[in-house]
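Subject: the structure I promised you

Hi,

Here is the structure we talked about. Have a look at it first, then read on for what turned up.

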Amino acid sequence: MVRRLKQELPKTFTLREIQQLAADSKYHRRADAKINGYTFLQLVLFHSPSLMNDTLEDLSQYLEIEHSVDISKQALHERFNVYAVEFLKVVFKEFLNKKIPKEPIINLKTRFRRILIKDSTAFGV
């Protein structure tokens, strides 16, 4: 599941769109922030299957190695806030809106002459 999401995310969003979602959710307010929306998304979604067991030191080292972001564990801790949660919610909502079609793929009325519904409702007196 994570592997598929990792493949589909770049196909679904441009870097600019992710940055805009971060700005709209107030996660990323400054242009010169050390961790932008894309980097935070990479950290939270794809860094490790056991993110909750990693220490802030582990995460800051990952950011240094993989993204060339030098950030203290205190500064990283401050990034995990209500705006980060809102940002992740917005990303997933937009992802699902783009991936799940709004209209039914098959119009059943044109494909079948009639549709019979078997109902097993019972009424007691």
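Let's start with a small puzzle: is Lys26 buried, partly exposed or exposed? Lys26 has a relative accessible area of 48%, and buried means under 20% while exposed means over 50%, so Lys26 counts as partly exposed. Before going further, keep in mind that this is a predicted model.

Lys26 has something else going on. Its place is in the loop between helix 2 and helix 3, and its phi is positive, about 65 degrees, although Lys26 is not a glycine. Most residues other than glycine have a negative phi. Ser68 is another case to look up: its phi is near 55 degrees, again a positive value in a residue other than glycine. You'll find Ser68 in the loop between helix 4 and helix 5. Its relative accessibility is 64%, so Ser68 counts as exposed.

Now the overall picture. The protein chain has seven helices and zero strands, so if you read along the sequence you get α-α-α-α-α-α-α. Out of the 125 residues in the chain, 30% are buried. The accessible surface comes to about 10,000 Å², and carbon and sulfur atoms account for 54% of that. Take the contacts between residues at least 6 apart in sequence: 59% of them join residues at least 24 apart.

What sits inside? The largest nonpolar core has 26 residues, and the ones with the most contacts inside it are Ile35, Phe40, Leu41, Leu63 and Phe87. At least two residues of this core come from each of helix 1 (2-12), helix 2 (15-24), helix 3 (37-46), helix 4 (56-67), helix 5 (73-79) and helix 6 (82-99). Helix 3 gives the most, with six residues. If you'd like to trace one of the core residues, try Ile35: leaving aside neighbours within four places in sequence, Ile35 is in contact with Tyr27, His28, Phe40, Leu63, Val69, Ile71, Leu76 and Arg79.

Helix 3 also holds Gln42. At 14% relative accessibility, Gln42 counts as buried. Not counting residues up to four places away in sequence, Gln42 touches His47, Tyr62 and His67.

Helix 2 is a nice one for seeing how a helix can have two sides. Ile18, Gln19, Leu21 and Ala22 are buried there. These four cover an arc of only 160 degrees around the axis, which means they are on the same side of helix 2. On the other side of helix 2, Arg16 and Asp24 are exposed. And what do the buried residues of helix 2 pack against? They pack against helix 3 and helix 6.

Speaking of helix 6, find Val82 there. Its relative accessibility is 61%, so Val82 counts as exposed. Val82 and Tyr27 are 55 residues apart along the chain, and their C-alpha atoms are separated by 8.4 Å.

One last stop, on the surface. Phe112, Ile115 and Ile117 form a nonpolar patch with about 350 Å² of accessible area together. One of the three, Ile115, is found in the segment after helix 7 (108-111).

Have fun clicking through it!

Cheers

Conventions: Residues are numbered from 1 along each chain as its sequence is written. This is a predicted model: local features need pLDDT of at least 70, side-chain atom pairs count only at pLDDT 80 or more; totals for chains, interfaces and linings use all residues. Side-chain values use heavy atoms; hydrogens and water are left out. Patches are made of residues with over 30% relative accessible area and no salt bridge: like charges are joined within 9 Å, nonpolar side chains (Val, Leu, Ile, Met, Phe, Trp, Tyr) within 5 Å. Accessible areas come from the Shrake-Rupley method with a 1.4 Å probe; for residues, only the protein chains shown count as cover. A salt bridge is a side-chain nitrogen of Lys or Arg within 4 Å of a carboxyl oxygen of Asp or Glu. A nonpolar core is a set of buried Ala, Val, Leu, Ile, Met, Phe, Trp, Tyr and Cys residues joined through side-chain atoms within 4.5 Å. Buried means under 20% relative accessible area, exposed over 50%, partly exposed in between (1.4 Å probe, protein chains only). Contact means heavy atoms within 4.5 Å. The arc is that of the directions from the helix axis to the C-beta atoms.
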